[in-house]
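Student: I would like to learn how to read the way helices pack in a model such as this one. Could we go through it feature by feature?

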Amino acid sequence: MAALERAEASADAQLAKMGYKAELPRNLSMMSILGLSFAIMAVPFGLSTTMYISLTDGQSVTIIWGWCLVSLISLAIAASLAEICSVFPTAGGVYYWSAMLSTKEWAPIASWVTGWLTLVGNWTVTTSINFSGAQLILSAIALWRDDWAPNEWQTILMFWCVMIVCALVNVFGAKHLDLINKVCIYWTGASVLIIMITLLSMADTKRSGEFVFSHFDASISGWPDGWAFFVGLLQAAYTLTGYGMVASMCEEVQNPHREVPRAMVLSVAAAGVTGVIYLIPILFILPDVKLLLSVSNGQPIGLLFQIVTGSAAGGFGLLFLLLGILFFAGVGALTAASRCTYAFARDGAIPGSRM
């Protein structure tokens with residue numbers, strides 16, 4: 001207990017040197033921040049909701065090797081951000097770092113521009129996760145109704161329902177965020193294992209190793225092969241985002257100069273490995289690609305699960321695991337985005353924040 005108090009006092013003193021007063025309780029551990037960053041990337045969920053991109057633009061080569069390429073790039077970026085975060089562990093994150101790393105002349109404008117780009121990026125990541133979640137929830141209905149596809153107002157209504165649920169958890173369950181973030185790690189690991197075993201044991205289609213690791217077909221996309229591969233990287237790029245958002249949680253961690261950077265790097269490494277483990281079994285049992293892309297709701301993963309399990313109920317059972325990951329991703333992204341907004345408002349950069 002005494003060591004914990006000393007760690008908090010040291011972190012608060014470091015924050016004071018950066019010009020800020022500690023206002024938030026430091027009740028999050030490194031595992032919690034690791035879980036939060038891992039939740040925001042939401043690997044199985046993100047790869048599933050964007051699978052139509054890589055199935056169109058190259059298929060196996062784009063899916064596997066594109067994921068490995070983007071994972072390595074993301075790991076390098078995370079390591080770079082982690083190094084800066086270890087020196088300036090504040091909720092301001094990259095906009096504060098921009099000010100500190102710029103010349104005195106350019107610091108205000110660099111910080112202001114970076115801050116607004118970061119803030120809008122945080123908001124966009126959050127809405128993107130929850131919008132994809134809304135689409136995935138509605139696609140579950142199509143497992144029982146082949147000719148049904150949600151219209152615009154149904155999709156927007158479901159999006160707001162997901163957003164409100166995540167907001168309510170953040171408002172009324174804030175004291176449980178540490179537990180929620182930790183549970184996310186176990187839920188995601190268990191989900192990947194269950195999906196992998198189910199798909200491999202129940203699938204009628206068995207692809208060859210040559211198909212999984214070297215098949216390339218971009219004929220559906222209309223792009224030349226090279227362009228198609230890079231367009232297909234959007235699947236991995238959309239998924240491996242948000243790990244820098246956890247910098248906004250620095251003021252709620254006991255040893256932020258050490259624990260938050262570690263969580264950043266480890267979460268990206270864990271996400272890369274998880275993605276490979278998730279994608280390879282899917283490619284080994286991949287049904288007809290044109291059939292998957294013809295699904296009316298635009299989300300082929302539900303149909304893939306239904307084909308493999310042989311029933312709508314079985315497909316929904318696997319889809320439910322992804323919806324659980326959606327819950328953690330939506331809550332986590334909203335948590336980080338709210339802290340980024342708080343930090344930017346604290347510095348008076350948001351109109352009306354100094355009123």
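Student: In which hand does H15 pass H16?

Tutor: In this predicted model, H15 passes H16 in a right-handed crossing. The hand is best read together with the axes, and here those of H15, residues 300–309, and H16, residues 312–346, come within 7 Å and cross at roughly 135°. An angle over 145 degrees would count as roughly antiparallel, and H15 and H16 are therefore oblique to each other.

Student: Which residues of H15 and H16 meet?

Tutor: From H15, the residues are Ile-301, Gly-302, Phe-305, Gln-306 and Thr-309, and they meet Ala-312, Gly-314, Gly-315, Leu-318, Leu-319 and Leu-322 in H16. Sorted by class, the contact of H15 with H16 comprises six nonpolar, five polar and no charged residues.

Student: Is H15 largely enclosed or exposed?

Tutor: H15 is largely enclosed by the rest of the structure, because nine of its ten residues are buried. The buried residues are Pro-300, Ile-301, Gly-302, Leu-303, Leu-304, Phe-305, Gln-306, Val-308 and Thr-309. Just after H15 comes Gly-310, which takes a positive phi of about 85°.

Student: Which residues touch the most other members of the largest nonpolar core?

Tutor: As a general idea, nonpolar side chains tend to be buried together in soluble globular proteins. In the case before us, the largest nonpolar core has 102 residues, of which Tyr-278 and Phe-305 touch the most other members. H16 gives the most to this core, with 18 residues.

Student: What is Phe-305 in contact with, leaving aside its neighbours within four places in sequence?

Tutor: With those neighbours set aside, Phe-305 is in contact with Ile-195, Leu-199, Tyr-278, Gly-315, Leu-318, Leu-319 and Leu-322.

Student: At roughly what angle do the axes of H2 and H9 cross?

Tutor: The axes of H2, residues 30–41, and H9, residues 177–202, cross at roughly 60° and come within 8 Å. Since roughly perpendicular begins at 65 degrees, that angle makes H2 oblique to H9. H2 passes H9 in a left-handed crossing.

Student: Which residues make the contact of H2 with H9?

Tutor: On the side of H2 the contact is made by Met-31, Ser-32, Leu-34, Gly-35, Leu-36, Phe-38 and Ala-39, and on the side of H9 by Leu-177, Asp-178, Asn-181, Lys-182, Cys-184, Ile-185 and Thr-188. By class, this contact of H2 with H9 has eight nonpolar, four polar and two charged residues.

Technical notes
Residues numbered from 1 in each chain as written. Predicted model: local features only at pLDDT ≥ 70, side-chain atom pairs only at ≥ 80, totals over all residues. Heavy atoms only, no water. Axes fitted to C-alpha atoms, helices over the stretch in contact; angles between N-to-C directions. Helix = DSSP H or I, 4+ residues; strand = E, 2+ residues; numbered from the N terminus. Parallel < 35°, antiparallel > 145°, perpendicular 65-115°, else oblique. Left-handed = near helix turned anticlockwise from the far one by under 90°. Contact = heavy atoms within 4.5 Å. Nonpolar A, V, L, I, M, F, W, Y, C, P; charged D, E, K, R; others polar. Buried < 20%, exposed > 50% of the residue type's maximum accessible area, 1.4 Å probe, protein only. Core = buried A, V, L, I, M, F, W, Y, C linked by side-chain atoms within 4.5 Å.
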